[in-house]
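Visitor: Please take one part of this model and go through it closely. I would like to follow one residue outward to what surrounds it.

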Amino acid sequence: MLIGLEAFNWNDGAHYRHIRLSVHLSNGEIVTDDLHWAFFYPSEAADPFSKVHVNDSDFPTLLQRPPEGFNLESEQNPATVFAVQHTNANGYTDLHLCPGQSPPPKL
């Protein structure tokens, strides 16, 4: 799950937003990590965390991969590294359930 934190708005209307990632582990533990790179949205309308989309559960919230050269393993916790490594170029994370694991609750 991605949680949008403060956004930095620029004169051109672009949003750069700090993000907190939550990873639900098979043992029930939830690991959270503040990502050390900002997500970029060209406008408020494109920002899934903006007031425009706050109640829009159909607007996708996708993971943006870190910038080229970012040392993921040294900057983020292992659960974040695992989630990012299983995220495709379109921002969708594909983690299969472990045997006997129930899906995490919808938030």
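Guide: P67 is placed in the loop between β4 and α1. The model is a predicted one, and everything below is to be read in that light. P67 is partly exposed, its relative accessible area being 48%; that value lies over the 20% under which a residue counts as buried and does not exceed the 50% set for exposed. Between the C-alpha atoms of P67 and F39 the separation is 9.8 Å, with the two positions 28 residues apart along the chain.

The loop that holds P67 also holds S50, again between β4 and α1, where α1 covers 72-75. S50 is buried, because its relative accessible area is 2% and the limit for buried is under 20%. Its side chain reaches the backbone oxygen of E44 at 2.9 Å. With residues up to four places away in sequence left out, S50 touches R17 and E44.

F39 leads on to the core. The largest nonpolar core has 14 residues, and L35, W37 and F39 are those with the most contacts inside it. β2 (15-24), β4 (39-41) and α2 each supply at least two residues of this core. The most comes from α2, which gives four residues. In soluble globular proteins, nonpolar side chains tend to be buried together. L35, again not counting residues up to four places away in sequence, touches I19, L21, L63, Q76 and T80.

L63 connects this part to G91, which sits in the segment after α2 (78-85). The C-alpha atoms of L63 and G91 are 4.6 Å apart, although 28 residues separate the two along the chain. Leaving aside neighbours within four places in sequence, G91 is in contact with L62 and L63. G91 is buried, because its relative accessible area is 5% and buried requires a value under 20%.

The strands remain. β2 pairs with β4 in the antiparallel sense over three bridges, and Y16 stands opposite F40 in β4. β2 is also joined to β3 (residues 30-34) by five bridges, and these two strands run antiparallel. H24 has I30 in β3 as its bridge partner. β2 and β3 form a hairpin with five residues between them, and in the turn G28 has a positive phi of about 95°.

Note on methods: Residues are numbered from 1 along each chain as its sequence is written. This is a predicted model: local features need pLDDT of at least 70, side-chain atom pairs count only at pLDDT 80 or more; totals for chains, interfaces and linings use all residues. Side-chain values use heavy atoms; hydrogens and water are left out. Buried means under 20% relative accessible area, exposed over 50%, partly exposed in between (1.4 Å probe, protein chains only). Contact means heavy atoms within 4.5 Å. A nonpolar core is a set of buried Ala, Val, Leu, Ile, Met, Phe, Trp, Tyr and Cys residues joined through side-chain atoms within 4.5 Å. A polar contact is a pair of N or O atoms within 3.5 Å; within protein, one must be able to donate a hydrogen and the other to accept it, and residues adjacent in sequence count only if both atoms are side-chain atoms. Two strands pair if DSSP finds at least two bridges between them.
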